[in-house]
Amino acid sequence: MSLLRLEPRGQASRAMVYLTPVLAVALTLASGFLLFLALGFDPVKALHAFFIQPISTTRGLGELIVKATPLVLIGVGLAIGFRANVWNIGAEGQLTLGAIVGGGIGLAFYGDGGWWVLPLMILGGIAGGMLWAAIPAWLKLRFNASEILTSLMLTYVALLLLNYLINGPYRDPEGFAFPESRMFEPYATLPHLIQGTRVHLGSLFALLAVAGGWVLMSRTFIGFQIRVIGLTPAAAGYAGFNEKRIVWLTLLLSGGLAGLAGLGEVAGPIGQITPSISPGYGFTAIIVAFLGRLHPVGILLAGLLMALSFIGGEAAQIALGLPKAITGVFQGMLLFFLLACDVLIRYRVRFGARRAAA
């Protein structure tokens with residue numbers, strides 16, 4: 001009986017490791033072409049509406065940067081943890097807590113604040129994300145609980161907490177019972193950087209995160225410890241590296257950056273706390289991290305690409321009447337092809353007969 005099996009290649013090609021994201025993007029575009037053709041749309045016009053039209057104006061390029069900002073911030077933090085085999089899947093919840101805590105500071109000083117409120121909000125957003133990430137870190141180290149499950153489940157707790165606050169203490173008393181907070185005062189919002197767009201100060205934070213992530217992983221002893229623990233935990237233990245400290249560091253760092261991204265959303269393009277702060281940036285940033293090969297510069301480029309999928313999906317809905325789910329379809333195809341390519345650069349497909357036991 002013929003048998004399909006995967007045979008390890010031994011040493012994966014370094015060039016292919018970095019070329020597979022490009023190949024995955026090309027395969028996604030080809031599949032999108034066929035998908036639009038099957039749905040009865042002109043595939044060339046559809047792909048143009050999805051990938052070209054949204055960034056054909058200055059305003060569109062500004063929106064690309066706005067959407068990429070939280071993806072890059074979160075992606076850098078997640079990638080550092082992933083390099084140490086610390087799997088934070090709950091960045092969406094940490095983003096939500098950052099928005100709750102940081103935005104709550106802005107509401108607390110509503111009408112009675114000054115320039116100092118925004119720095120407090122930024123620190124509060126970071127602290128909120130770190131607090132939410134500290135829970136799975138403590139559970140992992142105290143009870144050996146999987147940080148994948150605990151961080152993911154805490155996301156839904158965070159969303160329920162947001163729903164409670166926005167319908168209770170945070171609700172605008174003059175908002176006719178709509179579940180949203182007051183609009184933040186000008187001193188509690190992130191200043192715009194480019195006139196005529198919504199690009200805000202958070203974009204600089206994302207660039208700083210990319211630079212800081214590169215320095216941490218490439219030029220510091222802590223970064224070396226993170227890489228060694230991720231690659232060979234036994235060797236790290238023999239060398240005396242403190243794995244518990246790395247777990248705390250990576251989870252708190254990723255949580256803090258996710259919290260900063262959440263604060264950037266409510267104090268930036270949204271301008272208030274609403275029931276829907278994020279369209280799923282915390283989950284999409286996982287794709288961004290792997291598409292960028294867990295490298296800060298790669299994550300910056302991947303964040304721009306995934307941001308284009310968000311604004312392209314919105315543009316395609318308007319121009320062609322496509323369903324909202326088209327964004328998720330493209331993101332899902334991209335992740336599928338990336339994972340498939342990763343498998344094929346490490347394994348070769350073999351067809352052979354199953355050998356009978358001697």
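In this predicted model, a good place to start is the meeting of two helices, α5 and α6, whose crossing is right-handed. Two packed helices are described by the angle between their axes and the distance between the axes. For helix α5, which covers residues 117–143, and helix α6, which covers residues 147–166, the angle is about 145° and the axes lie 9 Å apart.

The residues that make up this contact can be followed from one helix to the other: on the side of α5 they are Trp132, Ile135, Pro136, Leu139 and Lys140, and these meet Glu147, Thr150, Ser151, Leu154, Thr155, Val157 and Ala158 of α6. Sorted by the character of their side chains, the residues of the contact comprise seven nonpolar, three polar and two charged ones.

Stepping back from this pair to the whole chain, one finds a secondary structure of 13 helices and two strands. The C-alpha trace of the chain spans about 80 × 60 × 35 Å along its principal axes. The radius of gyration of the chain is 22 Å, which agrees with the value near 21 Å that a compact globule would have with 358 residues.

How the chain is folded upon itself can also be read from its contacts: among those with a separation of 6 or more, 76% are accounted for by residues 24 or more positions apart. Of the 358 residues of the chain, 48% count as buried, that is, under 20% relative accessible area. As for the surface, the chain exposes about 17500 Å², and 68% of this area is supplied by carbon and sulfur atoms.

Notes
Residues numbered from 1 in each chain as written. Predicted model: local features only at pLDDT ≥ 70, side-chain atom pairs only at ≥ 80, totals over all residues. Heavy atoms only, no water. Axes fitted to C-alpha atoms, helices over the stretch in contact; angles between N-to-C directions. Helix = DSSP H or I, 4+ residues; strand = E, 2+ residues; numbered from the N terminus. Left-handed = near helix turned anticlockwise from the far one by under 90°. Contact = heavy atoms within 4.5 Å. Nonpolar A, V, L, I, M, F, W, Y, C, P; charged D, E, K, R; others polar. Rg over C-alpha atoms; globule rule 2.2 N^0.38 Å. Buried < 20%, exposed > 50% of the residue type's maximum accessible area, 1.4 Å probe, protein only. Areas by Shrake-Rupley, 256 points an atom, 1.4 Å probe, with all protein chains shown as cover.
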